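Me: Could you take a close look at one helix for me and walk me through its surroundings? I'd like one connected account rather than a list.

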Number of protein chains: 2
Amino acid sequence: MTDTDKIFLTQALTEARHGFDQGGVPVGAVMVRSGQIVARGRNKRVQENDPVMHGETDCLRNAGLMEDYNDTEMYTTLSPCMMCTGAILHFGIKRVVIGENINFPGNIELLLDFGVKVALADDPACKNLMAQFIRKYPELWFEDIAGRSHT
Amino acid sequence: MTDTDKIFLTQALTEARHGFDQGGVPVGAVMVRSGQIVARGRNKRVQENDPVMHGETDCLRNAGLMEDYNDTEMYTTLSPCMMCTGAILHFGIKRVVIGENINFPGNIELLLDFGVKVALADDPACKNLMAQFIRKYPELWFEDIAGRSHT
């Protein structure tokens, strides 16, 4: 975790907070290339009735069609679920910076197994926002991630 | 592969053919529950400029918000990429029927490792449609799947 990482993770957290304010699952993400944010995303299960739009997949969608993902990094507030892990691997994102893995373990080991660099921030603000949401909307949390077959 | 499987796989192929006619990557999918199609999808990289919408993810999106995926089956014309494999695992789809894995190997072993039932049709019509597309649009095929880091 560098100071630059903290800046981009804060941007992902901003996306998550917007999601929370919209009544959505508060997971946010930004994709970075050459020190610049190229796309932002947030979980839109509630906002768009779309179970496939998690923070990372929404971010990849918003990045549009890219020839390659060389030198791209994904910043996400929560350790990625199996779908988003698969997406990160499929597109060949080189490095993932994760806000926290306490509220949801995600698939850090699988990312590492496939050679993705991972930095885990264990960020109090990310943890607090997610915990607040889980307390407030346990059913929504269960449907979106917690109750799915594989983390 | 049962006779019923062949009927549903033909429906997935119909989605793929529609995609081909639209100039898109011709991969189609249907999701089945209790012997009924509950959602249809096709790769929409070209049609919606969306790299995340493969046949399976589009199908999951079109299925909308479901409490659970018990007894669901996914029929797809092509062996699933890592993103779609992750999605199948995340949502807990119980069985996947795959049209072919010749034009793209996909991740059948990973699905099996996680306890998903897999049936491989090795269907000539699925293979021919995909091969026709790859010959016609090799760059598009490379960008969508073939050139990605992990199959």
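What follows is a tour of helix α3 of chain B, its counterpart in the other chain, and a few residues around them.

Reply: Sure. Keep in mind that this is a predicted model, so everything below is computed from predicted coordinates.

Let's start with the helix itself. Helix α3 of chain B runs over residues 55–63, and it is mostly covered, with 8 of its 9 residues buried. Reading along the helix, the buried ones are Gly55(B), Glu56(B), Thr57(B), Asp58(B), Cys59(B), Leu60(B), Arg61(B) and Ala63(B). Just past the end of α3(B) sits Gly64(B), with a positive phi of about 75 degrees.

What do the buried residues of α3(B) pack against? Within chain B, their partners are β1 (28–33), β2 (36–42), α2 (45–48), β3 (72–78) and α4 (82–91). There is also a partner from across the way: α2 (55–62) of chain A.

Now zoom in on one of those partners, α4(B). The axes of α3(B) and α4(B) are 8 Å apart, and the two helices pack at an angle of about 35 degrees. The crossing of α3(B) past α4(B) is left-handed. On the α3(B) side, Glu56(B), Thr57(B) and Leu60(B) do the touching, and they meet Cys84(B), Ala87(B) and Phe91(B) of α4(B). Sorted by class, that contact comprises 4 nonpolar, 1 polar and 1 charged residues.

Over in chain A, watch the helix labels. There, α2(A) packs with helix α3 (residues 82–91) of chain A at an angle of about 35 degrees, with axes 8 Å apart. α2(A) passes α3(A) in a left-handed crossing. Glu56(A), Thr57(A) and Leu60(A) of α2(A) make the contact with Cys84(A), Ala87(A) and Phe91(A) of α3(A). By class, the contact of α2(A) with α3(A) has 4 nonpolar, 1 polar and 1 charged residues.

How are the two chains related? A turn of 180 degrees, with a shift of 0.0 Å along the axis, lays chain B on chain A with an RMSD of 0.0 Å. That is the relation of a two-fold axis. In chain B, the C-alpha nearest that axis belongs to Gly86(B), 2.3 Å from it. Both copies use the same surface: 100% of the contact residues of chain B recur in chain A.

Two residues show how the chains meet in detail. Met53(A) is in the loop between β2 (36–42) and α2 of chain A. Its relative accessibility is 0%, so Met53(A) counts as buried. Leaving aside neighbours within four places in sequence, Met53(A) is in contact with Arg42(A), Asn43(A), Lys44(A), Arg45(A), Glu48(A), Asp58(A) and Arg61(A), plus Val52(B) and Met53(B) from chain B. Met53(A) is also 30 residues from Met83(A) in sequence, with 10.0 Å between their C-alpha atoms.

The other residue is Arg45(B), which lies in helix α2 of chain B. With 1% relative accessibility, Arg45(B) counts as buried because the cut-off is under 20%. Again leaving aside neighbours within four places in sequence, Arg45(B) is in contact with Leu65(A) and Met66(A) of chain A, and with Asp50(B), Pro51(B), Met53(B), Leu140(B), Glu143(B) and Asp144(B) of chain B.

For context, the unreviewed UniProt entry annotates residues 3–118 of chain A as "domain: CMP/dCMP-type deaminase". That span is 37% helix and 24% strand, and its end C-alpha atoms lie 16 Å apart.

Note on methods. Residues numbered from 1 in each chain as written. Chains lettered and ligands numbered in written order. Predicted model: local features only at pLDDT ≥ 70, side-chain atom pairs only at ≥ 80, totals over all residues. Heavy atoms only, no water. Least-squares fit on C-alpha atoms with pLDDT ≥ 70 in both. Contact = heavy atoms within 4.5 Å. Buried < 20%, exposed > 50% of the residue type's maximum accessible area, 1.4 Å probe, protein only. Helix = DSSP H or I, 4+ residues; strand = E, 2+ residues; numbered from the N terminus. UniProt positions renumbered as here; feature names shortened; annotations may be inferred. Axes fitted to C-alpha atoms, helices over the stretch in contact; angles between N-to-C directions. Left-handed = near helix turned anticlockwise from the far one by under 90°. Nonpolar A, V, L, I, M, F, W, Y, C, P; charged D, E, K, R; others polar.
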